[in-house]
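User: I am new to this structure and would like a close look at a single part of it. Could you pick one helix and walk me through its surroundings?

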Amino acid sequence: MGDRGTGRGRGKEQATRPKQPRGRAAAKSKDDPARGKTEATGRPRRPSSPKKEPQRTAVQKKEPGEPKAAIANTITRKKKDKEPPLPDHRNLKPVVESLKLKMKEISPAADKVNTIVRIIISEVSQRDPIFQGMEKMSTGSYYEKLKISRPNEFDIMLNIPISDYGRIALKEFGTSGAFYTLSCKRDMPEFMEDFIDKDENISAKKILTRFRKLVSEVVSGMPVSIKRRNSSSPALTLIIENKPSNIDVDLVIALEIRQSWPVKTIDGMNIDCWLGKKVKRDFKFQPFYMVPKQFKDGNTVKDTWRISFSHIEKEILTNHGSSKTCCEGDGEKCCRKICLKLLKHLLELLKNNGKQRKKLEKFCSYHAKTALLHQCVEHPKDEEWRWEDLDLCFIRYIHYFQSSLKHEYLPNFFIPSHNLFSLDDVDCKLLYDQIDEQIKHGFPLFDL
Ligand SMILES: [Zn+2]
């Protein structure tokens with residue numbers, strides 16, 4: 001399943017209203033278990049009793065400008081750190097070590113994939129002007145160094161710079177702000193006419209059909225085949241012959257659009273207190289991307305595009321500290337990315353546990369990533385994510401994720417009007433309960 005939510009398993013996606021309280025108010029509601037986990041300094045705090053419901057006490061707002069107090073608190077706390085481990089939290093560091101090994105296992109497969117994709121790009125971009133300038137984007141879990149599961153499945157986004165063809169007009173589809181139809185406003189080059197549908201829109205379907213044809217020409221004679229077309233999938237899946245098992249590669253085309261971000265992004269990406277206003281402004285000067293994604297609403301299926309900011313997600317995850325040196329050679333090490341890895345790992349383990357894969361299928365690593373970004377906004381300082389505090393930070397993060405499940409509301413980080421849980425068939429309650437079980441018993445799944 002795609003880390004960007006573009007890949008397999010994310011069939012129906014709709015733009016529906018959240019079913020429960022919305023917006024910042026919902027995220028900060030008194031019911032939100034994560035709210036009780038933070039002291040005034042923002043440092044994670046041990047739950048007083050594992051048996052209790054997550055704490056719901058009102059919490060004093062963090063004071064972002066108090067690094068000295070935070071450091072003082074850190075030192076005092078270090079001395080007090082002799083408390084016995086709590087049953088609902090466990091030492092997660094060995095789990096992290098085992099995940100590092102998994103990353104290493106993946107790298108030979110990744111080399112193979114990269115070689116083949118390089119050939120495809122170089123050939124396809126010469127064979128049709130629409131694919132001219134196509135490049136592999138270094139987004140997705142492998143390139144974010146977060147790939148930990150399914151070593152034989154890769155998602156790769158291929159950037160097609162179409163902005164040079166005159167301004168692209170976006171027309172929102174539905175109300176979420178995530179789905180659009182696209183059309184050329186002016187100076188459309190002649191070759192684009194092949195990819196325009198009867199409503200004058202740029203057709204994802206037509207572009208994908210041409211792409212598929214060219215790729216199949218390129219890979220003929222290579223130990224690579226193409227998976228049969230699936231009308232609801234936005235990707236073309238390559239199957240690369242490999243021992244002991246073949247490698248699946250989802251290629252997702254992404255139209256690069258260099259113009260102002262759509263209006264519905266205005267209230268998103270609240271990183272001012274975390275990464276700073278300047279970083280945010282710089283991001284907003286970057287292009288955005290559109291990936292093919294059918295819009296389904298009841299019986300209506302429309303050939304639409306879904307907006308993607310996976311390049312920004314990658315940049316944020318790479319430079320994730322409130323200080324510039326976070327996780328660099330001589331800087332302090334934090335646990336933000338490790339927390340994300342662990343939750344991704346837990347979701348995979350839950351899906352594979354028993355017969356619930358089908359019911360949990362629609363939950364994907366993109367939900368975990370989005371939840372982490374929201375948590376980083378809520379806890380913007382590096383001191384709130386110290387590597388030493390991994391176990392507590394993870395619990396705080398997972399409680400936040402549970403709270404999102406409880407309210408069936410997880411807003412897209414860039415477009416808050418888009419609720420990522422607004423799918424008909426996501427069983428938030430089931431996942432909530434499953435995670436609860438894991439927390440209560442100290443994550444036994446991590447021992448398997
Ligand atoms: Zn860090």
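Analyst: Happy to help; here is a walk around helix α7 and what lies about it. Please keep in mind that this is a predicted model.

First, a little context. The chain has 448 residues, and 42% of them are buried. It holds 11 helices and 11 strands. Of the contacts with a separation of 6 or more, 69% join residues 24 or more positions apart.

Now to the helix itself. α7 covers residues 336-352, 17 residues in total. From its first C-alpha to its last it reaches 25 Å, close to the 24 Å expected at 1.5 Å a residue. Most of α7 is covered, with 14 of the 17 residues buried. After the helix comes G354, which has a positive phi, near 70°.

A good residue to begin with is C339. Leaving aside residues up to four places away in sequence, C339 touches L372, C393, F394 and Y397. The largest nonpolar core has 97 residues, and C339 is listed with L158, A254, M290, L343, F394 and Y397 as touching the most other members. Helix α10 (residues 390-407) gives this core its largest share, nine residues. The core also draws at least three residues from each of two domains: domain 1 (99-259 + 288-319) and domain 2 (321-448).

Two more of those well-connected core members, L158 and A254, lead us to the strands. Strand β2 (residues 153-161) is mostly covered, as seven of its nine residues are buried. Within β2, L158 stands opposite K136. Strand β1 (residues 135-136) runs antiparallel to β2, and two bridges join them. On to strand β7 (residues 247-257): it runs parallel to β2, joined by nine bridges. One bridge pairs N159 with A254 in β7.

Let us return to the neighbourhood of the helix and finish with L360, which sits in helix α8 (residues 357-360). Is L360 buried or partly exposed? It counts as partly exposed because it has 19 C-beta neighbours inside 10 Å, while a buried residue needs 20 or more. Again leaving aside residues up to four places away in sequence, L360 touches L350, K351, L430 and L431. L360 is also 9.1 Å from D425, C-alpha to C-alpha, although the two are 65 residues apart in sequence.

How values were computed. Residues numbered from 1 in each chain as written. Predicted model: local features only at pLDDT ≥ 70, side-chain atom pairs only at ≥ 80, totals over all residues. Core = buried A, V, L, I, M, F, W, Y, C linked by C-beta atoms within 7 Å. Buried ≥ 20, exposed ≤ 12 C-beta atoms within 10 Å, placed from the backbone. Helix = DSSP H or I, 4+ residues; strand = E, 2+ residues; numbered from the N terminus. Domains from an automatic or database assignment. Contact = placed C-beta atoms within 7 Å. Expected span 1.5 Å × (residues − 1). Pairing = 2+ DSSP bridges.
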